[in-house]
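Visitor: I would like to learn how to read a protein model step by step. Could we begin with a single pair of residues and work outward from there?

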Amino acid sequence: MLRRLDSADAGFDAALDELLAWEAREADAVAQEAARIIDEVRAEGDAALLRLTARLDGVRVQCAAELEVAASELERSFAALPGDDRRVLQAAAARIRRYHEHEPTGGFEMRDEFGNRLGQRVTPLDRVGVYIPGGQAAYPSTVLMTVLPARVAGVREVVAVTPTPDGRQSQHVLAAMHVAGVDRAFAVGGAQAVAALAYGTETVPKVDKVVGPGGAFVAAAKRLVFGPVGIDLIAGPSEILIIADGSAPPHWMALDLFSQAEHDADAQALLVAPDADYLDRVEAEMRRLLPTLSRAELIRESLAARGAMIAVNDLAEACEIADRVAPEHLQLSLREPDAWLDSIRHAGAIFVGSWSAEVLGDYSAGPSHVLPTFGTARYASVLSVADFQKRSSIVRAHRNGMPELGRLAVKLAEAEGLTAHAAAAAVRLREHNAAV
């Protein structure tokens with residue numbers, strides 16, 4: 001079912017590189033079409049949004065205002081859910097909000113030896129747009145994972161967009177928007193939704209930053225609009241890498257691999273273990289369990305294209321491979337996982353111990369599930385409160401503390417040939433010295 005790699009083989013490095021070389025760089029046709037869509041929305045506003053939504057989503061309305069989902073409709077969707085579903089949304093939202101409330105959010109101030117006060121002020125963004133995927137499945141969890149960190153950060157207005165193919169709205173997604181506190185919601189998706197948020201139309205307000213995952217067209221559009229607006233990251237297909245020592249039941253590992261492979265055909269699921277016999281037992285469980293799952297064909301396609309089981313010499317080597325992959329999700333299914341945690345440097349999220357299934361991070365643990373993919377965990381981070389804030393440096397030069405700063409500034413400005421810079425500092429030095 002899964003290809004096998006062995007770190008002891010002579011061609012292992014090349015084989016692993018080939019497995020990881022797959023990228024979500026959009027095909028030229030996708031990038032070109034996304035650029036055309038963005039240009040249309042930027043030039044024509046609502047007219048383009050109506051035309052594109054009719055052509056791409058099969059949703060035909062007379063005016064763009066009909067694409068907006070009223071707050072009362074979000075509330076009705078919540079009220080219409082079964083009681084257990086309402087309680088689940090509220091409980092998950094409470095956990096997610098509580099986690100993000102523990103993130104550091106404040107600035108600081110310090111005083112140097114000359115009496116100058118220096119610091120940093122942290123302020124929330126005014127308006128953000130969150131993209132909620134809806135083409136292949138409905139994701140109320142993504143509503144919670146994107147909107148709640150923005151709310152904790154203090155964002156003034158949150159605008160949500162989500163596609164509704166052929167007009168089909170997810171009651172759970174709308175209910176989650178109500179629970180999370182979305183200010184405005186629009187039933188529009190794809191590159192046209194990203195363009196509307198980035199540039200604004202007569203109906204959709206322009207935002208300061210666009211966050212949230214999406215498909216190839218959404219990723220291409222976010223890349224193209226970056227600059228006029230901020231973006232969080234270019235999210236790609238889901239990834240999981242599990243390091244296992246054989247202590248977890250094999251059928252747990254099989255299901256954990258399936259849980260990510262079922263997202264889409266481009267998802268990646270990797271199992272790394274020093275025990276070849278354990279890999280055999282996991283594969284046997286995968287063969288047994290796969291026919292019982294509703295998305296079996298999609299899982300099979302994903303595993304065949306990008307999945308692998310990797311046999312290694314020991315857990316130290318497994319950690320080295322994990323850092324080389326820098327996966328979105330890293331699961332340490334080990335007897336003593338904490339002993340190996342410090343050996344990992346690069347992962348979007350780390351699930352410590354066999355009880356810490358990745359699926360808990362998708363829905364209910366607390367941290368956002370919007371994570372870096374394609375090895376970008378080497379430099380990128382999980383979506384957090386910080387993504388919805390900006391930082392301004394604060395400088396309060398004291399009259400008697402300024403001269404030391406001024407002398408340094410004059411010398412450095414002269415070294416760079418920037419005479420106006422030097423003069424702006426020097427004039428203050430002269431007047432300070434004249435007054436002493």
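**From one bridge to the whole chain**

Guide: Let us begin with Leu332, whose bridge partner in β14 is Val352. Please keep in mind throughout that this is a predicted model.

Visitor: How many bridges join strand β13 to β14, and do the two run parallel or antiparallel?

Guide: Strand β13, which covers residues 329-333, is joined to β14 by four bridges, and the two strands run parallel.

Visitor: What is the order of the strands in the open sheet of six?

Guide: The order is β1-β12-β11-β10-β13-β14, and the pairing is parallel. At the edges stand β1 (3-6) and β14 (349-352), and because each has a single partner strand, one side of each is left without a neighbour in the sheet. On average, and with direction ignored, neighbouring strands of this sheet are turned by 20° against each other.

Visitor: Which strands does helix α10 lie across?

Guide: Helix α10, residues 250-261, lies across β10 (239-244), β11 (268-273) and β13, and runs at about 165° to β10. Helix α13, residues 315-325, also packs on the sheet, where it touches β10, β11, β12 (308-311) and β13, and its direction makes about 170° with that of β10.

Visitor: What should I look at when two helices pack against each other rather than on a sheet?

Guide: Two packed helices are described by the angle between their axes and by the distance between those axes. In this structure, helix α6 (residues 140-153) and helix α7 (residues 171-180) pack at an angle of about 15°, with their axes 9 Å apart. Angles under 35 degrees count as roughly parallel, and α6 and α7 are therefore roughly parallel to each other. Their crossing is right-handed.

Visitor: Which residues of α6 meet α7?

Guide: From α6 come Pro140, Val143, Leu144, Val147, Leu148 and Arg151, and they meet His172, Val173, Ala176, Met177 and Ala180 in α7. Sorted by class, the contact of α6 with α7 has nine nonpolar residues, one polar residue and one charged residue.

Visitor: Let me follow one of these residues, Leu148 in helix α6. Is Leu148 buried or exposed?

Guide: A residue counts as buried when its relative accessible area is under 20%, and Leu148 has a relative accessible area of 0%, so Leu148 is buried. If we leave aside its neighbours within four places in sequence, Leu148 is in contact with Ala93, Ile96, Arg97, Val143 and Ala180. By contrast with these contacts, the C-alpha atoms of Leu148 and Ala413, which are 265 residues apart along the chain, are separated by 45 Å.

Visitor: Where do the edges lie in the open sheet of three strands, and what is the pairing there?

Guide: The three strands follow the order β3-β4-β15, and their pairing is antiparallel. The edges are β3 (108-111) and β15 (389-396), and since each has a single partner strand, one side of each is left without a neighbour in the sheet. Neighbouring strands of this sheet are turned by 15° against each other on average, direction ignored. Four bridges join β3 to strand β4, residues 117-124, and these two run antiparallel; the partner of Glu109 in β4 is Gly119.

Visitor: How many helices and strands has the chain?

Guide: The chain has 17 helices and 15 strands, and its C-alpha trace spans about 85 × 60 × 45 Å along its principal axes. Of its 436 residues, 50% count as buried. Among contacts between residues at least 6 apart in sequence, 74% join residues at least 24 apart.

Notes: Residues numbered from 1 in each chain as written. Predicted model: local features only at pLDDT ≥ 70, side-chain atom pairs only at ≥ 80, totals over all residues. Heavy atoms only, no water. Pairing = 2+ DSSP bridges. Axes fitted to C-alpha atoms, helices over the stretch in contact; angles between N-to-C directions. Contact = heavy atoms within 4.5 Å. Parallel < 35°, antiparallel > 145°, perpendicular 65-115°, else oblique. Left-handed = near helix turned anticlockwise from the far one by under 90°. Nonpolar A, V, L, I, M, F, W, Y, C, P; charged D, E, K, R; others polar. Buried < 20%, exposed > 50% of the residue type's maximum accessible area, 1.4 Å probe, protein only.
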